[in-house]
Amino acid sequence: NSLEGHSDWIWSIFFSKDKNSCYFNGNPITNSDPNTFKLIYGRWAKDNYHVYFNDQIISDNPSSFTFINNYYSKDNQSVWYNFDSLQPNSKLVTIRTSSVNDFELVSDRYAKDSENVYLNGTIIDKVDARSFQFLGDFWSKDDHHIFQFDKICEEADYDTFEVTPEGARDKNRIYDKEYRVR
């Protein structure tokens with residue numbers, strides 16, 4: 001479906017519309033409303049009835065939809081993680097959160113709810129969500145452990161561990177920007 005010659009269409013990299021329909025990559029989006037259709041960001045759009053990721057309806061409640069950042073979004077029933085909504089192979093993951101209302105962003109790619117902590121949309125095992133703190137880069141801690149990405153850093157001395165501009169350190173080691181122990 002070419003939209004050339006239409007004076008009443010808008011477009012983005014992925015979405016377009018004319019007076020009759022809305023399109024994703026040139027293909028009509030089923031049940032979309034061109035009169036209220038708006039681009040949110042990248043592969044996200046909404047109208048008065050639905051929220052869309054690519055050409056798929058992911059929510060029937062656009063009034064409660066919040067685009068938290070480039071990675072996390074939610075409505076009153078679900079939370080989603082998107083690896084990168086501007087990339088061709090972008091994937092959307094539905095997060096199985098215990099409480100959408102308690103879901104909050106901790107940093108760009110870390111988030112938590114009352115029971116779990118998530119890195120890139122995946123639950124981090126063995127972390128206490130209530131005491132979780134993002135320290136910088138991909139370092140974090142709870143009341144019992146230091147974490148490097150989503151793994152417990154067994155080598156870290158909890159009481160003296162700190163993130164530095166060069167990486168991180170404790171009384172026994174230096175951790176460089178490549179997350180190698182030196």
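Two strands count as paired once DSSP finds at least two bridges between them. In this predicted model, strand β15, covering residues 117-119, and strand β16 make that cut, with two bridges joining them in an antiparallel run. One place to see the match-up is Leu-119, which sits across from Thr-122 of β16. Zooming out, β15 and β16 belong to an open sheet of four strands, ordered β13-β14-β15-β16 and antiparallel in its pairing. The edges of that sheet are β13 (104-105) and β16 (122-123), each with pairing on one side only.

As for the overall picture, strands run the show: the protein has 23 of them and zero helices. Of its 182 residues, 44% are buried. The exposed surface comes to about 10400 Å², with carbon and sulfur atoms supplying 43% of that area. Taking contacts between residues at least 6 apart in sequence, 27% link residues at least 24 apart.

Another pairing turns up earlier in the chain. Strand β7 (residues 51-53) and strand β8 (residues 56-59) run antiparallel and are held by three bridges. Phe-53 has Gln-56 of β8 as its bridge partner. The β7-β8 hairpin leaves two residues between its strands, and Asn-54 there adopts a positive phi near 55°.

Back in the four-strand sheet, Lys-112 is worth a closer look. This lysine belongs to strand β14 (residues 110-112). Lys-112 is buried but takes part in no salt bridge, and Glu-104, the nearest side chain of opposite charge, lies 4.8 Å away. A salt bridge calls for a suitable nitrogen and oxygen within 4 Å, so a pair at that distance doesn't qualify. What the Lys-112 side chain does reach is the backbone oxygen of Ala-129, at 3.2 Å. Beyond its neighbours within four places in sequence, Lys-112 touches a mixed bunch of residues, including Asp-102, Phe-103, Val-106, Val-117, Tyr-118, Arg-130 and Phe-132.

Thr-97 is found outside the strands, in the loop that links β12 (92-95) and β13. With a relative accessible area of 19%, Thr-97 falls under the 20% cut-off and so counts as buried. Its side chain has two polar contacts to note. One goes to the backbone nitrogen of Ser-99, at 3.2 Å. The other is a side-chain pairing with Asp-113, at 2.5 Å. Setting aside neighbours within four places in sequence, Thr-97 is in contact with Val-79, Phe-103, Asp-113 and Tyr-118. Phe-103 and Tyr-118 also appear among the contacts of Lys-112.

Salt bridges were searched for across the whole structure, and the search gave two. In one, the side chains of Lys-151 and Asp-150 come together at 3.8 Å, N to O. Lys-151 has a relative accessibility of 54% and is therefore classed as exposed, while Asp-150, at 33%, is partly exposed. The other joins Glu-162 to Arg-169, with 2.7 Å between the closest N and O atoms. Here both partners are partly exposed: Glu-162 has 36% relative accessibility, and Arg-169 has 41%.

Note on methods. Residues are numbered from 1 along each chain as its sequence is written. This is a predicted model: local features need pLDDT of at least 70, side-chain atom pairs count only at pLDDT 80 or more; totals for chains, interfaces and linings use all residues. Side-chain values use heavy atoms; hydrogens and water are left out. Buried means under 20% relative accessible area, exposed over 50%, partly exposed in between (1.4 Å probe, protein chains only). Contact means heavy atoms within 4.5 Å. Accessible areas come from the Shrake-Rupley method with a 1.4 Å probe; for residues, only the protein chains shown count as cover. Lys and Arg count as positive and Asp and Glu as negative; His and the chain ends are not counted. A polar contact is a pair of N or O atoms within 3.5 Å; within protein, one must be able to donate a hydrogen and the other to accept it, and residues adjacent in sequence count only if both atoms are side-chain atoms.
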